[in-house]
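Me: Hey, got a minute to walk me through this one? I'd like to start with a single spot and work outwards.

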Amino acid sequence: MTQFNGANYTNKPLVGTTTVPGDKSISHRIALFAACAEGATRVRGLLNSADVHSTLDAVVALGAQVDLTEDADFPDTLYGTITGWGKAGPAQPAQAIDCGNSGTTARLLMGLLAGYPLRVELVGDESLSRRPMRRVAEPLTQMGARFESAGKLAGKSIGKPTDKQESPELTLPLVVHGSSELRGIHYDSPVASAQVKSAVLLAGLNAQGATSVTEPRLSRTHTELLLPSFGVELERRDYGRTTLIEGGQHLQACEAELQVPSDPSSAAFLLIAAALTSSSELTVQGVSLNPTRTGFLSIMRRMGVKIAIRNSNLENEEEVPALSFESRGTITAFYSPELQGTTIEAGEIPSLIDEIPILALLATAAQGTTRFCEVSELRVKETDRLAAIVEGLTTLGFIAYVEENDLVIEGDGTILSHRSSAASHSSSLTKPNKNVTKSYRPLKARIALATHNDHRLAMTWLVAARAFALNLDIDGLESLTVSYPSFLKDLERLGSL
Ligand code: S3P
């Protein structure tokens, strides 16, 4: 399944109740923390996707035991146990660890390995090998670990100012030289990144003294919420923006079975598809309602999407596990044709960073301008998402451009499938000149869209095909395996096409 052709795609309503696979960020963390712990941790709802397998394969290479089975009742999820290396620590792997496409695997492993006297090479696919690792290596180097780029920066460890000038970025493949004598630091992170925060905290567990991280804006809090389930004590200050951890703490297997909530980032694609498709009413159950992840719901509401949210924890429903480290709930989205543009402030971005491609698609149907402020982080995701969103939306005939570090979409208040034809203009990152005369093409014209092998772009363009009934050729659909392997099946099943 590499190519999608939407010649016969229609926009039948999305109706019914469904679940989506387990949360990707939480699944990575459960796999890593259970691998560090003494004893066996039971887990259910773990995401069965390529990214999570990168982490599972890595912890097996480092000495953890993974016994997981596919859950026949919940597609794309696994249940079973992970038995950790405990106090013995991870073993020296025989070969390089392949992090595949997964930034979370690479960056959290850098933090985890920093505190052990091992020499571990991390490699990744082409996309991951372009992504910045200095943001994680920098604080870990201050703590006493060393990183050596096995690629073009061979032989140079980071940390010296001259290296910074010669090599502004550090990328995979790289070798982590851990140390059993890490020093605790306070780190003022220049980026709101849960991967940076988590890497420093994981290293802090094996450091002497206390380690704390302050972020400019609160990023997703899964590490802080989950570590206490493994017996780790930590302190959160400043409304969560600062987290402090004492070194020398050993993780214990979690006693209760950990149930992974459904991934809100995956749910967002189905919910927005429903909002854009006539007569739809779609419910997604068991979704994480962690407020550091649900910014997209506030934006959907602000733009005029009718949504109902029920917090399952508050209602004490049976589905809630005894140990509830994350709140979860049921979300229903209704077809909402009257949408308004909005400004998404820089402070809101971390809580919806992975949903920007699909929110941008929603914005094409809104009346007026939607502006995503300060979204330069999108340039260093699985691909340059800023460029790829503008490229895809302009190919579809929408007005989308980048102004400094803002992404801007100008909608005309009509869902594309309600228009008689689509505008046609060439793609450029800058604001189009209003005086340029547009040409128009029939809606059913065949259009090719590139995913750049990025799972979130693949899902966005599939929603465009589905909600706007477009005849799209979409390449690179194998990237769906990264976070939501059954996405296309679900998109079709829920509309009984
Ligand atoms: C993630 C954090 C975010 C997010 C990514 C997953 C995590 O990245 O975009 O998909 O699991 O910690 P950053 O930490 O780079 O913001």
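Reply: Sure. Let's start with A96, which sits in the loop between strand 5 (77-83) and strand 6 (97-98). Keep in mind that this is a predicted model.

Me: Okay, and is A96 buried, exposed or partly exposed?
Reply: A96 is partly exposed: its relative accessible area is 36%. The cut-offs are under 20% for buried and over 50% for exposed, so a value in between counts as partly exposed.

Me: What does A96 touch, if you skip its neighbours within four places in sequence?
Reply: With those left out, A96 is in contact with E121 and V123.

Me: And how far is A96 from A58 in space?
Reply: They're 9.4 Å apart, C-alpha to C-alpha, with their positions 38 residues apart in sequence.

Me: New topic: the ligand. Which residues surround it?
Reply: The shell is S25, R29, T104, R107, A192, S193, A194, Q195, R220, I353, D354 and K381. By class, that's three nonpolar, four polar and five charged residues.

Me: Which side chains have an N or O atom 2.7 Å from a ligand oxygen?
Reply: S193 has one, at 2.7 Å from an oxygen atom of the ligand. K381 also has a side-chain N or O atom at 2.7 Å from a ligand oxygen. For T104, a polar side-chain atom lies 3.5 Å from an oxygen atom of the ligand.

Me: How much of the ligand's accessible area does the protein cover?
Reply: On its own the ligand has 380 Å² of accessible area, and the protein covers 94% of that.

Me: Which elements give two or more residues to that shell?
Reply: Those are helix 1 (24-36), helix 3 (103-114) and helix 6 (194-205).

Me: Let's zoom out. How many helices and strands does the protein chain have?
Reply: The chain has 14 helices and 25 strands.

Me: What does the radius of gyration say about the chain?
Reply: For 497 residues, a compact globule would come out near 23 Å, and this chain has 22 Å, so the two agree. Along its principal axes, the C-alpha trace spans about 65 × 55 × 40 Å.

Me: What share of the residues is buried?
Reply: Buried residues make up 60% of the 497 in the chain. As for the outside, the accessible surface comes to about 18500 Å², with 48% of it belonging to carbon and sulfur atoms.

Me: And what about contacts between parts that are apart in sequence?
Reply: Take the contacts between residues at least 6 apart in sequence: 78% of them join residues at least 24 apart. For one residue to look at, try T283, in strand 15 (residues 281-288). Leaving aside neighbours within four places, T283 is in contact with G16, T17, T18, T330, I331 and T332.

Me: Why does T283 count as buried?
Reply: Because its relative accessible area is 13%, and the cut-off for buried is under 20%.

Me: Anything odd in the backbone?
Reply: A few things to look at. The peptide bond from L172 to P173 is cis, with omega near 0°. P173 is in the loop between helix 5 (161-166) and strand 9 (174-177). Then there's E404, which has a positive phi of about 50° although it isn't a glycine. A469 isn't a glycine either, and its phi is near 50°.

Me: Buried or exposed, those last two?
Reply: E404 is exposed, with a relative accessible area of 74%, while A469 is buried, at 15%.

Methods:
Residues are numbered from 1 along each chain as its sequence is written. This is a predicted model: local features need pLDDT of at least 70, side-chain atom pairs count only at pLDDT 80 or more; totals for chains, interfaces and linings use all residues. Side-chain values use heavy atoms; hydrogens and water are left out. A residue is near a molecule or strand if one of its heavy atoms lies within 4 Å of it. A polar contact is a pair of N or O atoms within 3.5 Å; within protein, one must be able to donate a hydrogen and the other to accept it, and residues adjacent in sequence count only if both atoms are side-chain atoms. Accessible areas come from the Shrake-Rupley method with a 1.4 Å probe; for residues, only the protein chains shown count as cover. Helices (H or I, at least four residues) and strands (E, at least two) are DSSP runs, numbered from the N terminus. Ala, Val, Leu, Ile, Met, Phe, Trp, Tyr, Cys and Pro count as nonpolar, Asp, Glu, Lys and Arg as charged, and the others, Gly among them, as polar. The radius of gyration is taken over C-alpha atoms; the globule rule is 2.2 Å times the number of residues to the power 0.38. Buried means under 20% relative accessible area, exposed over 50%, partly exposed in between (1.4 Å probe, protein chains only). Contact means heavy atoms within 4.5 Å.
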